[in-house]
Amino acid sequence: MEDIKANVVLDAKGLACPMPIVKTKKAMNNLDAGQVIEVQATDKGSTADIKAWAESTGHQYLGTIEDGEVLKHYLRKSSGEEHEEKKHSRVVNNAELEEKLKVDENIVLLDVRESAEYAFNHIPKAISMPLGDLEDSMDQLNKDDEIYVICRTGNRSDLAAQKLTEKGFTNVINVVPGMSKWSGETKKMND
Amino acid sequence: MSKRVAIIASNGGLFDAYKVFNIATAAAATDQEVAIFFTFEGLNLIHKEAYQQLPMPEGKEHYAEGFQKANIPAIPELVEMAQDMGVKFIGCQMTMDALGLEKADLLDGIEVGGAVTFLDFAKDADVTLTF
């Protein structure tokens, strides 16, 4: 199984309800917005609890992996990014990208979400290049290619598109809203 | 807007304590505003001595082993967490008077109030529970 990168790993193994949630809440307070936490628990109720907890607190539940007795839950701290203003001028919507993917074999699609988000669910053609690593990884890309950038809600991809344009990429397009509303084909963790 | 949870604790056994404090800590960890009104035997749950040795229901003593095996946190541990996360504890003045309890007999950091103190909090609650 491929390793999923998390900024923080929380050990809640052996703890009974409601301790995994309480510990998660505490650990989450020390995270920066956008960071990913891996919560290791053995309480079987924790999967449903963590999901419900994320929903009511507004954090993003990415998924859970079973590793023997241990459940590894992945969460990403929210930042209220849904409300921020977008700036990169060239934009397509999900449907337009989906069409494009069908007709154009050579399309370059960058997924700039955290690698944990990518691991659980991504568009088959997408290349993972988390926003934080973009600066170091962009050398692998061709400056004249048509590059589509996607994230979850269009915010991180907007920043990535701006950064790429600033660095001399001439043909960068932001995909909105992105994976949160993507209804096309995806590749999932367990496929 | 955070949700508000109002809980009445009116029984004093170990199982009652778990029902009350589990829900309270889980709600507080989910960014909800929680207050518990301790009345009648419920005052046991915040009594400095009693809350460390709450009784299992009669005939259910054999569950003690299961609690240990499942690594269920002790009540004082849950109470501390609840208070840490800002759960408000309100002791019922009327019951305290009737049972001859002083505020000093109860845990630090609690409030003492009458029914109206609780009702004032509960009138805007999204969830109200009685144990």
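This is a tour of a predicted two-chain model, one selection at a time.

**Chain A, overall**

Start with chain A. Its secondary structure comprises six helices and eleven strands. The chain has 191 residues, and 39% of them count as buried. Among its contacts with a separation of 6 or more, 69% are between residues 24 or more positions apart.

**Helix H2 of chain A**

Select residues 46-57 of chain A, which form helix H2. Check the length. At 1.5 Å a residue, twelve residues should span 16 Å, and the end C-alpha atoms are 16 Å apart, so the two agree.

Now color the helix by burial. Which residues of H2(A) are buried? They are A:Ser46, A:Asp49, A:Ile50, A:Trp53 and A:Ala54. These residues cover an arc of only 130 degrees around the axis, so they sit on the same side of H2(A). The spacing fits a general rule: an α-helix has 3.6 residues a turn, so residues three or four places apart point the same way.

Turn the helix over. The face away from the buried side carries A:Ala48 and A:Glu55, both exposed. Turn back and show what covers the buried residues. The cover includes helix H1 (19-29), strand E2 (36-41), strand E3 (60-67) and strand E4 (70-76) of chain A.

Step off the end of the helix. A:Gly58 follows H2(A), and its phi is positive, near 90 degrees.

**Two cis prolines in chain A**

Go to A:Pro18. It lies in the loop between strand E1 (8-12) and H1 of chain A. The peptide bond from A:Cys17 to A:Pro18 is cis, with omega near 5 degrees.

Next, select A:Pro177, in the loop between strand E10 (172-176) and strand E11 (187-188) of chain A. Its bond to A:Val176 is also a cis peptide bond, with omega about -5 degrees.

**A:Ile147 and its surroundings**

Select A:Ile147 in strand E9 (residues 147-150) of chain A. Is A:Ile147 buried or exposed? With 23 other C-beta atoms within 10 Å, A:Ile147 is buried, because the cut-off for that class is 20 or more.

Show its contacts beyond four places in sequence. They are A:Val108, A:Leu110, A:Leu141, A:Leu164, A:Phe169, A:Asn171 and A:Val172. Put a distance on one pair: A:Ile147 and A:Phe169 are 22 residues apart in sequence, and their C-alpha atoms are 8.6 Å apart.

**Chain B, overall**

Switch to chain B. It contains five helices and five strands. Along the sequence they run β-α-β-α-α-β-α-β-α-β. Of the 131 residues in chain B, 33% are buried. Of the contacts between residues at least 6 apart in sequence, 77% join residues at least 24 apart.

**B:Arg4 and B:Val34**

Select B:Arg4, in strand E1 (residues 4-9) of chain B. B:Arg4 has 18 other C-beta atoms within 10 Å, so it is partly exposed. Outside its neighbours within four places in sequence, B:Arg4 is in contact with B:Gln32, B:Glu33, B:Asp124, B:Ala125 and B:Asp126.

Add B:Val34. Its C-alpha atom is 6.0 Å from that of B:Arg4, although the two are 30 residues apart along the chain. Beyond four places in sequence, B:Val34 touches B:Val5, B:Ile7, B:Ala24, B:Ala27, B:Ala28, B:Val87 and B:Lys88.

**Positive phi in chain B**

Two loop residues are worth a stop. B:Asp31 lies between H1 and strand E2 (33-38) of chain B. B:Asp31 is not a glycine, yet its phi is positive, about 65 degrees. It has 14 C-beta neighbours inside 10 Å and so counts as partly exposed.

B:Asn71 is in the loop between helix H2 (63-69) and helix H3 (75-84) of chain B. Its phi is positive too, about 55 degrees, and B:Asn71 is not a glycine either. With 13 C-beta neighbours inside 10 Å, B:Asn71 counts as partly exposed.

**The cores**

Now show both chains. The largest nonpolar core has 58 residues. Those that touch the most other members are B:Ile7, B:Ala24, B:Val34, B:Ile36, B:Phe37 and B:Phe38. H1(B) gives the largest share of this core, nine residues. Domain 1 (8-76) and domain 2 (81-188) of chain A each supply at least three residues to this core. Apart from it lies another core, of 21 residues, including A:Ile123, A:Ala126, A:Met129 and A:Leu164.

**The interface**

End where the chains meet. How many residues of chain B are in contact with chain A? Eleven, and they are in contact with twelve residues of chain A. Helix H1 (residues 14-29) gives the most to the chain B side, with four residues. That side divides into six nonpolar, four polar and one charged.

Notes. Residues numbered from 1 in each chain as written. Chains lettered and ligands numbered in written order. Predicted model: local features only at pLDDT ≥ 70, side-chain atom pairs only at ≥ 80, totals over all residues. Contact = placed C-beta atoms within 7 Å. Nonpolar A, V, L, I, M, F, W, Y, C, P; charged D, E, K, R; others polar. Expected span 1.5 Å × (residues − 1). Buried ≥ 20, exposed ≤ 12 C-beta atoms within 10 Å, placed from the backbone. Arc of directions from axis to C-beta. Core = buried A, V, L, I, M, F, W, Y, C linked by C-beta atoms within 7 Å. Domains from an automatic or database assignment.
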